[in-house]
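Colleague: I'd like a close look at one part of this model. Could you walk me through the strands and what packs around them?

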Amino acid sequence: MTDTDAATPFPPDVVAQIAEHMNGDHADDNVLIVRGLGGADAASAARMSGMDADGMDFEATVHGIAVPVRIPFRERLTERRQVRGEAVRMYQEACAALGVEPRH
């Protein structure tokens, strides 16, 4: 692994695959995450727009306006397999913050 790989463990194709999954299978969860953890209380929609080793980026729709929202990971991620755990944690913490029963 080079220093560049260590700095960016998630190349664009991997980020695109993760975003496709989050936006396709977890669109409602994205909204809960940006509402509960991202300060976008009035978000009506949200889509994952990117990520790096330190956090996940979303584009939330708030009152018809696209708003960038960044949710930091608990710790710096170094492997793709860690992303799922962080996404689940964000969802569960967002549900708890909003007083919503998790669906999964």
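How many bridges join strand β1 to strand β2, and do they run parallel or antiparallel?

Modeller: Bear in mind that this is a predicted model. Strands β1 (residues 43-52) and β2 (residues 55-62) are joined by 8 bridges and run antiparallel. To get your bearings in that pair, find A45, which sits opposite T61 of β2. The two strands make a hairpin, with 2 residues between β1 and β2.

Carry on along the chain and you meet strand β3 (residues 65-72), which pairs with β2 over 8 bridges, again in the antiparallel sense. Here a handy marker is E59, whose bridge partner in β3 is P68. β2 and β3 also form a hairpin with 2 residues between them, and H63 in that turn has a positive phi of about 55°.

Now for what packs around the strands. The largest nonpolar core has 30 residues, and F10, V34, M48, M51, M56, F58 and A60 are the ones with the most contacts inside it. Two or more residues come from each of α2, α3, β1, β2, β3 and α4, with α4 giving the most, 6 residues. That fits a general pattern: in soluble globular proteins, nonpolar side chains tend to be buried together.

M51 is a good residue to click on. Leaving out residues up to four places away in sequence, M51 touches F10, V15, I18, M56, D57, F73 and V83.

Then try N30, which is in helix α3. N30 counts as buried because its relative accessible area is 0%, against a cut-off of under 20%. With residues up to four places away in sequence again set aside, N30 touches M22, N23, A46, R47, M48 and F58.

M22 from that list also leads to the largest pocket, where H21, M22, H26, R84 and A87 lie nearest the centre among 13 lining residues. The elements giving two or more residues to that lining are α2 (12-25), α3 (27-37) and α4 (81-98). The largest share, 5 residues, is from α4, the helix that also gives the most to the core. As for volume, the largest pocket comes to about 360 Å³. Its lining is a mix: 7 nonpolar residues, 3 polar and 3 charged.

Conventions
Residues are numbered from 1 along each chain as its sequence is written. This is a predicted model: local features need pLDDT of at least 70, side-chain atom pairs count only at pLDDT 80 or more; totals for chains, interfaces and linings use all residues. Side-chain values use heavy atoms; hydrogens and water are left out. On a 1 Å grid over the protein atoms alone, a cavity is a set of points where a 1.4 Å probe fits but cannot get out, and a pocket is an open set with protein on both sides within 12 Å along at least five of seven lines; lining residues have an atom within 4 Å of a point. Grid points are joined across faces, edges and corners, and a volume is the space filled by probe spheres set on the points. Helices (H or I, at least four residues) and strands (E, at least two) are DSSP runs, numbered from the N terminus. Ala, Val, Leu, Ile, Met, Phe, Trp, Tyr, Cys and Pro count as nonpolar, Asp, Glu, Lys and Arg as charged, and the others, Gly among them, as polar. Two strands pair if DSSP finds at least two bridges between them. Buried means under 20% relative accessible area, exposed over 50%, partly exposed in between (1.4 Å probe, protein chains only). Contact means heavy atoms within 4.5 Å. A nonpolar core is a set of buried Ala, Val, Leu, Ile, Met, Phe, Trp, Tyr and Cys residues joined through side-chain atoms within 4.5 Å.
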